[in-house]
Amino acid sequence: MTDQLRLMAVHAHPDDESSKGAATMAKYVSEGVDVLVVTCTGGERGSILNPKLQGDKYIEEHIHEVRKKEMDEAREILGVKQEWLGFVDSGLPEGDPLPPLPEGCFALEDVDKAAGELVKQIRSFRPQVITTYDENGGYPHPDHIMTHKISMVAFEGAADAEKYPEAEFGPAYQPRKLYYNQGFNRPRTEALHNAMLDRGLESPYGDWLKRWDEFQRAERTLTTHVPCADFYEIRDKALIAHATQIDPDGGWFKVPMEIQKEVWPTEEYELAKSLVDTSLPEDDLFAGIRDNA
């Protein structure tokens, strides 16, 4: 049955797939589910966040090739397939007022036209389930918000042969469910924060929780908790493969693995669209689909 199940994860940049839902993907791969990561941009304008690699001239001058190689390594670790949509990273504008986005970047693309590139991937791969970001992008990066926009259009548009003609985009196909990644949710953050303090350890989440209050982020509805603690090590290994973005000695890895598995053994999602009957809360992205696969 599982050889008929297909999951597509739509992400903005290389490394997003390893920081959002990676353990879930590795779990499904282990069960024989076909998993495809679609990466919208090459991450060309991403800053080098690993202090050990900052100032490396080769990396600075060849960032696109370096990040592609990192993505190849992460893909192999997770056991997933991966496709690039080919759009150009928009960067994260900073300042007051914010500067304009660079010409030709992903966030300035026509939404329907950009969604057509994702429609091609959906019609080719034919996933029953798609994961993406919510309307805020998970956090307000212009590429994450654009990823949300094109995912919503493509979810419907893949079945619309008039809007996206089959001759150009392939045979029409309708995915069954669409989820928003919500792994960075407040209940998880508070649970891990308190677990660290209870054990007399320094928590990496104190500032996170302060910023949560400052930005007054609305709480999301967590409909789906996928048990995947057995795959946390694979998730971390894939994340470390994105060496320009991730410091292996940084805050991502401050909570000991045994505490993570004990306190919060799931990854969370918000069911945004469903064309099948399912009961909430769920513990499976394929709930309502698996029995009919």
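## Lysine 163, salt bridges, a cavity and backbone exceptions

Lysine 163 sits in the loop between α6 and α7 (166-169); helices (H or I, at least four residues) and strands (E, at least two) are DSSP runs, numbered from the N terminus. The structure is a predicted model, in which local features need pLDDT of at least 70 and side-chain atom pairs count only at pLDDT 80 or more, while totals for chains, interfaces and linings use all residues. Residues are numbered from 1 along each chain as its sequence is written, and side-chain values use heavy atoms, with hydrogens and water left out.

With a relative accessible area of 39%, lysine 163 is partly exposed. Here buried means under 20% relative accessible area, exposed means over 50%, and partly exposed lies in between (1.4 Å probe, protein chains only). Leaving aside residues up to four places away in sequence, lysine 163 touches Asp112 and Val153; contact means heavy atoms within 4.5 Å. The C-alpha atom of lysine 163 is 31 Å from that of methionine 25, and the two residues are 138 residues apart along the chain.

### Cavity

Methionine 25 is one of the residues that line the largest cavity. A cavity is defined on a 1 Å grid over the protein atoms alone, as a set of points where a 1.4 Å probe fits but cannot get out; lining residues have an atom within 4 Å of a point. Grid points are joined across faces, edges and corners, and a volume is the space filled by probe spheres set on the points.

The structure holds one cavity of 30 Å³ or more, and the largest cavity has about 50 Å³ of space. Its lining is made of Leu7, Ala9, His11, Lys20, Gly21, Thr24, Met25, Thr131, Asn181, Tyr269 and Leu285. Two elements, β1 (6-11) and α2 (22-30), give two or more residues each to this lining. The most comes from β1, with three residues. By class, the lining residues are five nonpolar, five polar and one charged. In this scheme Ala, Val, Leu, Ile, Met, Phe, Trp, Tyr, Cys and Pro count as nonpolar, Asp, Glu, Lys and Arg as charged, and the others, Gly among them, as polar.

### Salt bridges

A salt bridge is a side-chain nitrogen of Lys or Arg within 4 Å of a carboxyl oxygen of Asp or Glu. The count by this rule is 23 salt bridges. The table gives some of them.

| Acidic residue | Basic residue | Closest N to O distance |
|---|---|---|
| Glutamate 31 | Arginine 290 | 3.8 Å |
| Aspartate 72 | Arginine 75 | 3.0 Å |
| Aspartate 134 | Arginine 220 | 3.7 Å |

What does the salt bridge between glutamate 31 and arginine 290 tie together? Glutamate 31 is in the loop between α2 and β2 (34-41) and arginine 290 in the segment after β7 (266-274), so the pair ties together parts that are 259 residues apart in sequence. Glutamate 31 is partly exposed at 30% relative accessibility, whereas arginine 290 is buried at 18%. Both also belong to a network of salt bridges that links Lys27, Glu31, Asp284 and Arg290.

Aspartate 72 and arginine 75 are three residues apart in helix α4 (residues 63-78), and about one helical turn separates them. Aspartate 72 counts as partly exposed, at 25% relative accessibility.

Aspartate 134 lies in the loop between β4 (129-132) and α6 (142-157), and arginine 220 in the loop between α9 (206-215) and β6 (224-227), so their salt bridge ties together parts that are 86 residues apart in sequence. Aspartate 134 is buried, with a relative accessible area of 3%, while arginine 220 is partly exposed at 24%.

### Domains

The domain assignment gives domain 1 (6-184 + 220-288) and domain 2 (186-219); such bounds come from an automatic or database domain assignment. Between the C-alpha centres of domain 1 and domain 2 there are 24 Å. In the contact between them, 16 residues of domain 1 meet 16 residues of domain 2.

### Backbone exceptions

Most residues other than glycine have a negative phi, and most peptide bonds are trans. Leucine 280 and proline 281 are joined by a cis peptide bond, with omega of about 0°. Proline 281 is in the segment after β7.

Where does aspartate 15 lie? Aspartate 15 is in the loop between β1 and α1 (16-19), and its phi is positive, near 110°. Aspartate 15 is buried, at 11% relative accessibility. Arginine 126 also has a positive phi, near 60°. Arginine 126 is placed in the loop between α5 (111-125) and β4 and is partly exposed, with a relative accessible area of 35%.

Methods: 1 Å grid on protein atoms, 1.4 Å probe; cavity = no way out; pocket = protein on both sides within 12 Å on 5 of 7 lines; lining within 4 Å.
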